[in-house]
Amino acid sequence: MKIDAISIFPEFFDVLGLSLLGKAQDQKIIGFEAHDLRKWTSDKHRTVDDSPYGGGAGMVMKPEPWGDAFDEIFPKGQRPTIIFTTPAGIPFTQKLAADLATRSHLVFACGRYEGIDQRVVEHAGAQAEVLEVSIGDYVLNGGEVAAIAMIEAICRLIPGVIGNAESLIEESHNSGLLEYPSYTKPASWRGLEVPEILLSGHHAEIEKWRNEQSLLRTKANRPDLLAE
Ligand code: ADE
């Protein structure tokens, strides 16, 4: 999978060189490139923003650098998926991550300030699959951290990125429930014991206990998931 990210702070994406995603890049499973939006400015100050039409606080990202960036990153005829990171987008979920993991080319457009001129989204829609996506109901200073979170969640679902594919099947959100609590050695630590059942070797009983714990945890932490 090819992934491009466009941002005025491309250095944010240096973290993708670490750990499993770094390894996946070395192995050419993922080809990642971060681009500086200011590359596509033409004035002395390399301006990317301007005041909003209609008034209001803050600045809006100008359309021209985005249009020129898209023209260069995916020439006409290619049809990537462009993800605009914005708190006004659709929610990013495990289901959306799994869907996006099947694409061959993702482009993350990371807005700053009060967002990007909406015509950029409209224009991109003619040449690409376009999604406006939010990682949660809170506001970040820009879309870079949101894009990094999405890239990690998507890429770990691509075959070959994670060594132990089985761990993908058994984790939180896959079944619609949260994952059960986990324990490791020692069995007794600072007066706290690992639940007896996990030491019993009774696989069917352990599975039953884990399912119950998943349900209890989901009820306590995410009752909205049970309602679904
Ligand atoms: N940019 C700022 N806040 C964001 C959020 N919650 N999700 C995606 N992009 C954002």
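Let's begin at Glu 72, a residue that is partly exposed, with a relative accessible area of 45%. The model you have in front of you is predicted, and Glu 72 is a good place to start a walk through its charged pairs. The side chain of Glu 72 meets that of Lys 39 in a salt bridge, at 2.8 Å from N to O. Follow the two partners along the chain and you will find Glu 72 in helix α2 (residues 63-73) and Lys 39 in the loop between β2 and β3 (49-50), so that the pair links distant parts of the chain, 33 residues apart. Lys 39 has 47% relative accessibility and counts as partly exposed, just as Glu 72 counts as partly exposed at its 45%.

This pair has company, as the structure holds nine salt bridges. As a general point, side chains of opposite charge can pair when their charged atoms come close.

Now turn to Glu 144 and Arg 112, whose side chains meet in a salt bridge at 2.9 Å, N to O. Glu 144 belongs to helix α5, while Arg 112 sits in the loop between β6 (105-110) and α4 (118-124), so this salt bridge ties together parts that are 32 residues apart in sequence. Are these two partners buried or exposed? Glu 144 has 0% relative accessibility and therefore counts as buried. Arg 112, at 13%, is also under the 20% cut-off, so Arg 112 counts as buried too.

Next, look at the strands β1 and β2. Here Glu 33 and Lys 2 form a salt bridge through their side chains, with 3.7 Å from N to O. Glu 33 is in strand β2 (residues 31-36) and Lys 2 in strand β1 (residues 2-7), and the pair links distant parts of the chain, 31 residues apart. Glu 33 counts as partly exposed at 40% relative accessibility, and Lys 2 is partly exposed as well, with a relative accessible area of 32%. Which residues are joined with them into one network by salt bridges that share partners? The network consists of Lys 2, Asp 4 and Glu 33.

Finally, leave the charges behind and look for a nonpolar patch on the surface. Phe 9, Phe 12, Tyr 138, Leu 140 and Val 145 make this patch, which covers about 420 Å². One of its members, Tyr 138, lies in the loop between β7 (129-134) and α5 (144-155). Tyr 138 has a relative accessible area of 44%, which means that Tyr 138 is partly exposed.

Methods:
Residues are numbered from 1 along each chain as its sequence is written. This is a predicted model: local features need pLDDT of at least 70, side-chain atom pairs count only at pLDDT 80 or more; totals for chains, interfaces and linings use all residues. Side-chain values use heavy atoms; hydrogens and water are left out. Patches are made of residues with over 30% relative accessible area and no salt bridge: like charges are joined within 9 Å, nonpolar side chains (Val, Leu, Ile, Met, Phe, Trp, Tyr) within 5 Å. Accessible areas come from the Shrake-Rupley method with a 1.4 Å probe; for residues, only the protein chains shown count as cover. A salt bridge is a side-chain nitrogen of Lys or Arg within 4 Å of a carboxyl oxygen of Asp or Glu. Helices (H or I, at least four residues) and strands (E, at least two) are DSSP runs, numbered from the N terminus. Buried means under 20% relative accessible area, exposed over 50%, partly exposed in between (1.4 Å probe, protein chains only).
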